[in-house]
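Thank you for making time this morning; I would like to walk you through one structure, starting from its interior and working outwards. Please have the sequence and the model in view as we go.

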Amino acid sequence: MTEIDKQRAVINPSSEFDAPKDVVEDKNLSKPQKEKALAEWEPDARLMQVAAEEGMTGGAPNRLKEVKRAQTELGVKPKDDTGTPPPTKTG
């Protein structure tokens with residue numbers, strides 16, 4: 001992985017990795033880089049969860065549980081451990 005790829009992996013991890021567990025298993029990223037990548041992936045996963053609940057995903061996978069599992073495996077305490085998705089525009 002080149003330095004540019006590392007930057008992209010941290011900023012937009014889903015563009016470089018198929019699943020959150022791949023971030024944890026990657027040998028090229030440091031632990032802080034992995035933590036940042038998973039922190040970046042989490043809000044996207046939360047939005048996908050809301051979209052799935054509203055029937056708007058078009059079959060795209062919701063990876064929130066995978067992100068949380070990867071954070072736990074890495075030893076990161078997630079910022080919001082409630083698992084509550086962000087409010088929708090109607091709620």
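Let me begin in the interior of this model, which is a predicted one, where the largest nonpolar core is made up of 15 residues, and where Phe17, Val23, Leu38 and Trp41 are those with the most contacts inside it. The elements that contribute two or more residues to this core are helix H1 (3-11), helix H2 (20-25), helix H3 (31-53) and helix H4 (64-74). As a general point, nonpolar side chains in soluble globular proteins tend to be buried together.

Stepping back to the chain, we find four helices and zero strands, so that, if you read from the N terminus on, the order of elements is α-α-α-α.

Now let me turn to H3, whose 23 residues should span 33 Å at 1.5 Å a residue, and because its end C-alpha atoms lie 32 Å apart, the expected and the computed values agree. The buried residues of H3 include Ala37, Leu38, Trp41, Ala45, Val50 and Ala51, and the list also holds Lys34, Glu42, Arg46 and Gln49. After H3 comes Gly55, which has a positive phi, near 70°.

Finally, some totals for the chain, which has 91 residues, 33% of them counted as buried. Among contacts with a separation of 6 or more, 54% are between residues 24 or more positions apart. The accessible surface of the protein chain is about 5900 Å², and carbon and sulfur atoms account for 52% of that surface.

Note on methods: Residues are numbered from 1 along each chain as its sequence is written. This is a predicted model: local features need pLDDT of at least 70, side-chain atom pairs count only at pLDDT 80 or more; totals for chains, interfaces and linings use all residues. Side-chain values use heavy atoms; hydrogens and water are left out. A nonpolar core is a set of buried Ala, Val, Leu, Ile, Met, Phe, Trp, Tyr and Cys residues joined through side-chain atoms within 4.5 Å. Buried means under 20% relative accessible area, exposed over 50%, partly exposed in between (1.4 Å probe, protein chains only). Contact means heavy atoms within 4.5 Å. Accessible areas come from the Shrake-Rupley method with a 1.4 Å probe; for residues, only the protein chains shown count as cover. The expected span of a helix is 1.5 Å times one less than its number of residues.
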